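Visitor: Hello! I am new to this structure and would like to learn how to read it. Could you show it to me and take me through it slowly?

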Amino acid sequence: MEQVLNYQQRAMSVQDHSPQQSGGPNLVNIEVLLNRSELFRAECTRLILETGKACKRMQDDDNKRLDLRVRDIQFLKKELELKLEVITMEIDVLIALQNRVAKVLEACEEPLRVTTLCLEERMKRFPSERLHDVVDRELLKEREVIEGVASLLQRVLEQITEQIRLNRSAKYHLEQDLKEKFEAQCIDNSCALMTTHSIKNLQKSKNTNAVLPSLEVTPKQWENISDINIAKAEQQKTNSVSLRALVESILEQTVADMQKQVQATTAAFQMNVQKIKSAKSQMEDQLAKNLSELANQQRIREDLQVAITENEHFLSLAQNRLDLRRQRPSKEQCYDQAQSQLLAEVHQLTAHITKLHEAMAQSEEEQRALVRCQLELQENIEMKANSLYIDEVLCTQHREPIIIQNF
């Protein structure tokens with residue numbers, strides 16, 4: 001364009017210095033004008049070709065740049081979609097794990113209730129039987145284990161909930177990034193498909209010559225935004241995998257601990273039941289022997305009473321004979337063998353009766369001791385029966401539904 005203007009200026013300078021011919025057209029000036037017009041047309045044609053080529057080249061460059069940009073967006077979209085799929089699956093897996101932990105935590109309630117109930121039932125035993133035995137120790141340990149497991153699972157549940165929240169946050173940023181990438185891709189695709197003919201019907205109210213303000217995000221920053229979102233999702237996915245491995249280990253260990261303790265408590269109950277049964281059986285055997293001996297003592301007392309009565313009869317007979325012999329005439333009251341025998345008999349019978357009475361008294365004392373032993377044995381047997389009923393019947397019935405399952 002500048003060359004055209006320069007040429008026009010030179011032509012006008014020649015025209016100004018040409019000699020004027022009066023009375024007719026200046027042929028030189030006309031020739032110059034024609035040459036100038038021809039040259040101007042040639043220059044315009046060249047300019048049109050150059051601008052057309054420049055526009056075509058710029059449009060091709062624009063299309064290449066837009067295509068490259070779309071490919072960049074598609075690449076990042078693919079990366080974002082892969083991470084979104086992974087983090088979505090991880091959220092689902094964590095939710096399933098959260099439900100498992102919640103079920104295990106819920107399953108701790110019944111064993112804990114039964115353990116506490118068994119402790120309360122055993123407090124109903126007789127005071128002398130209310131010992132801090134191995135069963136009590138195992139029950140207290142069982143309650144401690146279950147309460148510890150429940151507390152640990154509650155903390156684990158909170159950690160899983162927090163990790164799900166972090167995963168959802170990472171998922172949200174990925175989705176927002178994907179949404180914006182999709183919109184940008186649609187816009188750039190539309191820009192790539194635009195032609196001079198496709199925009200004829202568009203409103204021309206906008207000033208096409210207006211200079212757009214420079215954008216705040218550089219290509220590097222634009223790429224870093226997605227990289228940050230991808231890195232955040234990858235980090236949360238790694239954290240989730242670590243947490244899941246830890247939770248699986250905790251679930252396995254806690255269930256094993258509860259199963260082991262429940263088995264130990266059950267074994268303690270069974271052993272204690274056997275001990276109570278053995279002690280009760282021994283007492284029952286002793287009671288049977290005691291009752292038998294008591295009956296024997298009763299019979300021996302009766303025999304002693306009969307013997308005392310018989311000896312008293314013999315003593316009375318001997319005394320009556322002595323009294324009767326004292327009525328003999330004075331000269332006949334000889335201390336003969338008969339008199340000597342009767343006196344010795346009275347003395348011996350008196351001694352026998354005294355011993356029999358002593359034996360009778362001793363038998364009564366023995367009988368009273370046997371009765372006391374009988375009452376004590378019966379009381380102890382009743383206490384053992386009560387303890388046996390509590391441990392073997394009540395506690396066993398309470399503990400029967402307890403099944404520590406692997407979740």
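Guide: Welcome! Let us begin with a term: a polar contact is a pair of N or O atoms within 3.5 Å, where, within protein, one must be able to donate a hydrogen and the other to accept it. Please keep in mind that this is a predicted model. Here is a case: a polar atom of the T265 side chain lies 3.4 Å from the backbone oxygen of E138.

Visitor: Where does T265 lie?

Guide: T265 is part of helix α5.

Visitor: Is T265 buried or exposed?

Guide: Buried means under 20% relative accessible area. T265 has a relative accessible area of 0%, so it counts as buried.

Visitor: Which residues does T265 touch?

Guide: Leaving aside residues up to four places away in sequence, T265 touches E138, L139, E142 and R399.

Visitor: Let me step back to the whole chain. How many helices and strands does the chain have?

Guide: There are six helices and zero strands. Following the sequence, you read the pattern α-α-α-α-α-α.

Visitor: What part of the chain counts as buried?

Guide: Of its 407 residues, 29% are buried. The accessible surface of the chain is about 27500 Å², and carbon and sulfur atoms account for 55% of that surface.

Visitor: How should I read contacts along the sequence?

Guide: Look at how far apart the partners are in the sequence. Among contacts between residues at least 6 apart, 88% join residues at least 24 apart. For a single pair, take L140 and T116: these residues are 24 apart along the chain, and their C-alpha atoms are separated by 8.6 Å.

Visitor: What else can you tell me about L140?

Guide: L140 is found in helix α4. With 32% relative accessibility, it is partly exposed, because that value falls between the limits for buried and exposed. Setting aside residues up to four places away in sequence, L140 touches L119 and H132.

Visitor: Now, what is a nonpolar core?

Guide: Think of buried nonpolar residues joined through their side-chain atoms. The largest one here has 33 residues, and those with the most contacts inside it are V101, L153, I160, V247 and L251.

Visitor: Which elements give two or more residues to this core?

Guide: They are α2 (27-107), α3 (109-122), α4 (134-193), α5 (219-325) and α6 (337-399). The most comes from α4, with 10 residues. Domain 1 (33-194 + 219-272) and domain 2 (287-326 + 337-400) each supply at least three residues to this core.

Visitor: Which residues does V247 touch?

Guide: Not counting residues up to four places away in sequence, V247 touches L97, V101, V156 and I160. Apart from the largest core lies another core, of eight residues, with L80, I87, L178 and I230 among them.

Visitor: Could we look at a charged residue too, such as R122?

Guide: Gladly. R122 sits in helix α3, and its 1% relative accessibility makes it buried. Beyond residues up to four places away in sequence, its contacts include R130, D133, D136, F269, D391 and C395.

Visitor: How many disulfides are there?

Guide: The test is whether two cysteine sulfur atoms lie within 2.5 Å. By this rule there are zero disulfides. Two cysteines are worth a look for their exposure: C55, at 47% relative accessibility, is partly exposed, and C191, at 31%, is partly exposed as well.

Note on methods: Residues numbered from 1 in each chain as written. Predicted model: local features only at pLDDT ≥ 70, side-chain atom pairs only at ≥ 80, totals over all residues. Heavy atoms only, no water. Buried < 20%, exposed > 50% of the residue type's maximum accessible area, 1.4 Å probe, protein only. Core = buried A, V, L, I, M, F, W, Y, C linked by side-chain atoms within 4.5 Å. Helix = DSSP H or I, 4+ residues; strand = E, 2+ residues; numbered from the N terminus. Domains from an automatic or database assignment. Contact = heavy atoms within 4.5 Å. Areas by Shrake-Rupley, 256 points an atom, 1.4 Å probe, with all protein chains shown as cover.
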